[in-house]
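Work through the exercises below with the sequence and the 3D view side by side. Try each task before reading its solution.

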Amino acid sequence: MSSSTAYIPVRTRATARSRSRHIAGYVYFTFICYVSIGLPLAVLPPYVHLRMGYGTVLAGLAISIQYIATLASRPWAGRISDHMGAKVSVLWGMACCTVSGAFLIGAAALHTVHWLSFAVLIVSRLVLGIGESLGSTGATLWGITAAGQEHTAKVIGMNGISTYGGMALAAPLGVVLDQQWGLASIGVLTILIGAASLAIAWYKAPVPVEPGEHMPFAHVLGRVAPHGMGLALGGVSYSVLATFVTLFYAHRHWSGAALCLTAFGLAFIAARVLFIKTIPHYGGFPVAIASLLTEAVGMILLWQAVAPWMALAGAAVGGLGLSLVFPAIGVEAVKRVPEFNRGTALGVYTAFSDVSFFLVGPIAGAIIGFFGYASVFLFALISVLAALGIVMVLKAANKEQRLEIRD
């Protein structure tokens with residue numbers, strides 16, 4: 001009897017580990033997308049602003065313009081995943097990431113002609129944006145379909161680890177590559193990892209496309225948009241940090257800006273690993289509220305930072321808070337549509353974070369021009385508090401709907 005009691009949890013843990021490895025085989029492609037994004041993340045703003053001599057608005061645009069393409073292609077990526085299969089979306093995504101590396105090499109080769117180099121750089125960012133959309137949307141749906149709908153929160157959670165973990169690991173590596181061998185070396189590495197991942201995806205078994213009548217895109221958008229707005233505003237903190245922390249540190253004459261992205265990413269991953277089970281236990285909305293409050297504390301620390309350690313702490317607390325915002329709100333969002341529309345729903349929901357990235361770059365650049373670098377974190381704080389308000393309203397509305405169903 002005692003041996004039987006001891007055996008059950010061991011088997012349960014083994015099953016959980018096996019399931020996690022199974023899911024990791026799909027979210028790996030999201031990881032590659034965001035490694036490709038993270039490699040030039042801390043390099044491009046100073047490259048555009050300090051080496052080319054363009055202003056902070058264009059420096060921000062060089063990062064955020066990627067999300068124009070991502071935003072425009074998210075619904076398309078969702079429809080491809082729903083109708084043609086998630087594997088097709090991932091294959092196209094990996095191909096785009098590979099091509100973006102080639103354009104980055106071209107931008108580096110044309111560095112003596114600033115306007116032409118900047119134009120090719122923009123093309124690279126746009127292609128990478130499409131790759132992110134196709135790769136991450138397809139990988140998420142591929143993982144959910146393969147693991148089962150009951151593991152949606154786990155797949156989304158591990159997908160987020162791949163997202164921010166990829167960028168956190170890649171950002172310092174990109175700085176080292178740029179310092180040692182120049183911008184072109186980042187393009188070379190992007191091509192290598194993209195091509196290798198394309199081959200891996202090619203030989204991976206597809207999952208069946210869910211049958212059923214697909215909802216019109218406008219209906220999916222209407223159901224998911226409020227949740228997406230909360231995600232977009234909650235993600236402003238990372239958009240600001242990723243785009244301007246390098247220039248913020250340079251303005252203060254501090255070193256180690258890329259470590260802020262690493263601290264953010266490591267805290268983000270730790271929270272996902274330790275607390276992801278709180279979502280099915282407590283519900284998406286309560287977890288999102290607690291997460292946004294934590295994130296707000298991180299933005300206060302960054303706004304008031306007077307030393308590098310304080311900025312580093314603010315980035316870590318911000319990552320800790322933002323970690324569960326995406327899966328917590330996302331679990332509630334996908335409940336709003338039938339299973340065979342969830343690829344489109346995920347694409348639409350994730351697109352709102354792309355809106356955040358796209359708009360924040362130019363807006364935050366303008367705010368810096370008027371009020372200085374620290375003010376951009378106050379802007380992030382206000383956005384996070386607005387997201388908190390949206391989530392609280394959604395939670396109240398969800399409670400009323402459940403009461404109506406019971407009556």
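**Exercise 1.** Find Trp 254 and decide: is Trp 254 buried or exposed?

*Solution.* Step one: take the relative accessible area of Trp 254, which is 18%. Step two: apply the cut-offs, where buried means under 20% relative accessible area, exposed over 50%, and partly exposed in between (1.4 Å probe, protein chains only). Trp 254 is therefore buried. Step three: place Trp 254 in the loop between α10 and α11. Helices here are DSSP runs (H or I, at least four residues), as strands are (E, at least two), numbered from the N terminus. Step four: look for a partner distant along the chain. Pro 308 is 54 residues away in sequence, yet the two C-alpha atoms are separated by 6.7 Å.

A note on the model: it is predicted, so local features need pLDDT of at least 70 and side-chain atom pairs count only at pLDDT 80 or more, while totals for chains, interfaces and linings use all residues. Residues are numbered from 1 along each chain as its sequence is written, and side-chain values use heavy atoms, with hydrogens and water left out.

**Exercise 2.** Describe His 253 by its location, backbone angle and accessibility.

*Solution.* Start with location: His 253 lies in the loop between α10 and α11. Next, the backbone: phi is positive, about 60°, although His 253 is not a glycine. Last, accessibility: His 253 reaches 73%, so it counts as exposed.

**Exercise 3.** Which residue forms a salt bridge with Asp 178?

*Solution.* First, the criterion: a side-chain nitrogen of Lys or Arg within 4 Å of a carboxyl oxygen of Asp or Glu. Second, the search: the structure holds one such bridge. Asp 178 pairs with Arg 51, and their closest N and O atoms are 2.5 Å apart. Third, the setting: Asp 178 sits in helix α7 and Arg 51 in helix α2, so the pair ties together parts 127 residues apart in sequence. Fourth, the exposure: Asp 178 is buried at 10%, whereas Arg 51 is partly exposed at 47%.

Helix α7 also holds Leu 177. Leu 177 is buried, with 11% relative accessibility. From Leu 177 to Leu 189 the C-alpha distance is 9.4 Å, across 12 residues of sequence.

**Exercise 4.** How many disulfides are found in the whole structure?

*Solution.* Use the criterion of two cysteine sulfur atoms within 2.5 Å. The search finds zero. Check Cys 33: its nearest cysteine sulfur belongs to Cys 97, 4.1 Å away, and Cys 33 is in no disulfide. Cys 97 is in no disulfide either. Now their accessibility: Cys 33 is buried at 0%, and Cys 97 is buried at 0%.

**Exercise 5.** Characterise the second largest pocket by volume, lining and domains.

*Solution.* Define a pocket: on a 1 Å grid over the protein atoms alone, it is an open set of points with protein on both sides within 12 Å along at least five of seven lines, and lining residues have an atom within 4 Å of a point. The volume is about 350 Å³. Next, the lining has 19 residues, with Ala 42, Pro 46, Val 175, Gln 179 and Thr 246 nearest the centre. Elements giving two or more residues are α2 (44–51), α7 (152–181), α10 (236–252) and α11 (257–275). Finally, at least three lining residues come from each of domain 1 (14–212) and domain 2 (215–406), with bounds from an automatic or database domain assignment.

Terms used:
1 Å grid on protein atoms, 1.4 Å probe; cavity = no way out; pocket = protein on both sides within 12 Å on 5 of 7 lines; lining within 4 Å. Points joined across faces, edges and corners; volume = space filled by probe spheres on them.
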